[in-house]
Amino acid sequence: PAMAELYKKKGLDPMKIVGITTLDVVRANKFVGEIAGKNPNYISVPVVGGHAGTTILPLFSQDKVAKTIEDDKIADLDKHVQDAGTEVVEAKGGKGSATLSMAFAGARFGKAVLAGLSGRRRVECAYCK
């Protein structure tokens, strides 16, 4: 929303903005894979909302592997996805961030865009105005 307002003020089209949730999707897939003992490459948990704490909303019920996780584990799994970035910063003693996972997520999204531009079907979570 803030970027859309900035675009409007500059006379640009805010409908050209796409925010990606790929980083949170990658994290959700990884954590589900760990719990289920499955390869996260074959897990696809959609994530909606924002990218800060409780605004991150993984939709575990929408993935065939994730929806097999017991209901009593979902609240902790939600929190784990929501706090993953903070956990990395804390583990680094405040002297860094989750740069490797951000790079992986950016590369994944970039590959999906390029594949789509060449006519291959890809699905990625995104939010747009």
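**Exercise 1. Find the residues with the most contacts inside the largest nonpolar core, and say which elements supply it.**

Solution. Start with the size: the largest nonpolar core in this structure has 17 residues. Inside that core, the residues with the most contacts are A28, V32, V45, F60, L77 and V81. Next, look at where the members come from: α2 and α3 are the elements that give two or more residues to this core. Keep in mind that you're working with a predicted model.

Now zoom in on V32. Skip its neighbours within four places in sequence, and V32 is in contact with I43, V45, F60, V65, A66, I69 and L77.

**Exercise 2. Work out whether helix α2 is mostly enclosed or mostly open, and what it packs against.**

Solution. First, get the helix's dimensions. α2 has 15 residues, and its first and last C-alpha atoms are 21 Å apart, close to the 21 Å expected at 1.5 Å a residue.

Second, go through the burial. Eleven of those 15 residues are buried, so α2 is largely enclosed by the rest of the structure. The buried ones are T22, L23, D24, V25, V26, R27, A28, N29, F31, V32 and G33.

Third, find the partners. The buried residues of α2 pack against β1 (18–20), β2 (47–49), β3 (56–58), α3 and α4.

Finally, check what comes after the helix: α2 is followed by G37, which has a positive phi, near 70°.

**Exercise 3. Decide whether T22 is buried or exposed, and list what it touches.**

Solution. Locate it first: T22 sits in helix α2, which covers residues 22–36. The cut-off for buried is under 20% relative accessible area. T22 has a relative accessibility of 1%, so it counts as buried. Leave out residues up to four places away in sequence, and T22 touches A105, R108, F109, E124 and C125.

**Exercise 4. Look for a salt bridge partner for D78.**

Solution. D78 belongs to helix α3 (residues 71–91). Salt bridges here need a distance within 4 Å. The nearest side chain of opposite charge is K79, and that's 11 Å away. D78 is buried yet has no salt bridge. As for what D78 does contact, beyond its neighbours within four places in sequence, you'll find P58 and F60.

**Exercise 5. Classify G110 by its accessibility.**

Solution. G110 lies in helix α4, residues 99–117. Its relative accessible area is 27%, so G110 is partly exposed. For a sense of distance, compare G110 with T55: the two are 55 residues apart along the chain, and their C-alpha atoms are separated by 24 Å.

How values were computed:
Residues numbered from 1 in each chain as written. Predicted model: local features only at pLDDT ≥ 70, side-chain atom pairs only at ≥ 80, totals over all residues. Heavy atoms only, no water. Helix = DSSP H or I, 4+ residues; strand = E, 2+ residues; numbered from the N terminus. Buried < 20%, exposed > 50% of the residue type's maximum accessible area, 1.4 Å probe, protein only. Lys, Arg positive; Asp, Glu negative; His and termini not counted. Contact = heavy atoms within 4.5 Å. Core = buried A, V, L, I, M, F, W, Y, C linked by side-chain atoms within 4.5 Å. Expected span 1.5 Å × (residues − 1).
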